[in-house]
Amino acid sequence: MPSADPGRSRPRRLLATALTAAVIATAAAAAPASATGSLFTPVPPHNPYAGPDGTATMHGDTGSSDTTPLPGPGTGTLSSKRVALASACPTVLVGSDGYPVALCTPIFGQVPTVHLLDPDDGGSITELALTKGSLLGGVYAYIDQDDRLVVVDGSRSLLRIGHHRDADGDWTLTVDQKLPLTSAIPENDAVTGLSPDWQGRVWFATGNGLVGTADDRTGTVRTLQLPAGEKVANSISTAPQGTLVTTTQATYLLTAGTDGTPRISWRQAYDRGSARKPGQLSWGSGSTPTFFGPGDGTDYVAIVDNADTQVKLQVYETSTGRRICSTPVLPAGGAGSENSPIGAGRSVFVASTYGYPYPAVPDGAGDSVPASADFTGGLTRVDVRADGSGCDLVWDNTLRSAAVPKLSLADGKLHTVLRDPLIPGTSGTSLLDPYRYAEIDPDTGKVTRSSQVGIGSLYDTLQMAGTAAPGGVYYQGTVTGVLRITAK
């Protein structure tokens, strides 16, 4: 389908930019000193080709900081509602119009399905089924500057999916724009992650290590094959300096030539360990690489490696790839993380997923060693030193985060869902485990408020990312739908 008229879309882009600026300004004014001080700011700059920061991508922004300018639920009594969609819903995003869009994979059939949610109660207003692809093909997407969901489906086509009212006033989801990528991506491969750059191109990375740019305004697609044997099992991140891709063996910063062809600026290998660990979906880092830093929010890059005994936070200088530190993390919990780190100012937060009982792993992931392990949990904060000479562990705990935590710059709290053991004091998991939404003090790692959201596997948040939405609403995907958490 033809591209949208630039003249018609410009007012919406201006509105989105204005709303984003207003939200950030309001958050900065309302936030406590610990959140607005130099330690937790700045965050990566707003990408003009993405929706509002905090809600445009699974990891908040295209820099994958896992921060948000929006607050979580207010100070009243916490409550939650389970929106049953018979689907695992890892991605809940919100555009400038306030309408949440969820990308889910149904339990039966596993055909990725887009749901437009009612911002008032979280219910599904309308849905659109996509072409089935790989397991991770129904996970990563983003909202663009015109509130459209951008995703690559199982047909290897880049789609921009909009939500519109029809002649009767009813909402519909439609494919507004489509660019086939079949000429560039082999039939036995599939896109894992995608993100826009500052020129409006869409960068993508496939499971088999093919990295490319797609310009659906011109139809131009350019690719670069990374070294043989390197897989991409997580999403990618973009900032003005370039695009970050972490494979199962190394982290890359890539830029594009004048014709859009990707080229490598630097490569840093990491310790991938001897095998995939229980609680991880691939043999290698589980990180979507994170831009962060005290200068412009993109000074540094953070990932967690997959070393056998003790995993380490790897921090690199964005401009050169120089290693800033290799710091042990999660010493009190399990030695492994499938989650992207949170990066804000000089601080990085890492959550353990070691031993988490995923019901399925992607094809070709290989056996885990050991075959299983207890989910002991763990959350660590590390700060880069002010002079950039290294990193220091600030605190560590054994909280069992069952989701990707988010740091709100508005209320100064880490937000997540904890999976408590059925028998207090143990570290095993069961189908009857209780789950509770929790707010954590980023200065101390202590839980400041929590409330149970449910008991049993229907509420399993499966290490999926939560999203703070306008109005004090926190959305959290589960294995069977979406939780809508609020306060009264």
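Let's start at one small spot: V152 has L158 as its bridge partner in β9. Keep in mind as you look around that this is a predicted model. That pairing belongs to a longer contact between strands, since β8 (residues 149-152) and β9 (residues 157-165) run antiparallel and are joined by four bridges. Step back a little and you will find these two strands inside an open sheet of four, ordered β7-β8-β9-β10 and paired in antiparallel fashion. What stands at the edges of this sheet? Those places go to β7 (142-143) and β10 (171-180); each has a single partner strand, so one side of each is left without a neighbour in the sheet.

Now let's turn to the cysteines. A disulfide is a covalent bond between the sulfur atoms of two cysteines. With sulfur atoms counted as bonded when they lie within 2.5 Å, the model has two disulfides. One of them joins C89 and C104, whose sulfur atoms are 2.1 Å apart. The link of C89 and C104 is right-handed, with 110 degrees about the S-S bond. It connects distant parts of the chain: C89 sits in strand β3 (residues 87-94) and C104 in strand β4 (residues 100-106), 15 residues apart. Both C89 and C104 are buried.

C325 and C391 also form a disulfide, with 2.0 Å between their sulfur atoms. Which hand does the disulfide of C325 and C391 have? Its torsion about the S-S bond is about -80 degrees, so this disulfide is left-handed. Here, too, distant parts of the chain are linked, as C325 belongs to strand β22 (residues 323-328) and C391 to strand β26 (residues 391-397), 66 residues apart. C325 and C391 are both buried. If you number the bonded cysteines of the protein in sequence order, the pairing reads 1-2, 3-4.

Finally, have a look at the nonpolar interior. The largest nonpolar core has 19 residues, and those touching the most other members are Y356, Y435, Y437, V453 and I485. Strands β30 (434-440), β32 (464-469) and β34 (481-487) each supply at least two residues of this core. Y435 is a good residue to select in your viewer: leaving aside residues up to four places away in sequence, its contacts include Y356, A402, V417, L418 and V453, and also R419, Q452 and D460. Apart from this core lies another, of 16 residues, with L330, V382 and V384 among them. That other core also brings us back to a cysteine we have met, because C325 is one of its residues too.

Terms used. Residues are numbered from 1 along each chain as its sequence is written. This is a predicted model: local features need pLDDT of at least 70, side-chain atom pairs count only at pLDDT 80 or more; totals for chains, interfaces and linings use all residues. Side-chain values use heavy atoms; hydrogens and water are left out. Buried means under 20% relative accessible area, exposed over 50%, partly exposed in between (1.4 Å probe, protein chains only). Two strands pair if DSSP finds at least two bridges between them. A nonpolar core is a set of buried Ala, Val, Leu, Ile, Met, Phe, Trp, Tyr and Cys residues joined through side-chain atoms within 4.5 Å. Contact means heavy atoms within 4.5 Å.
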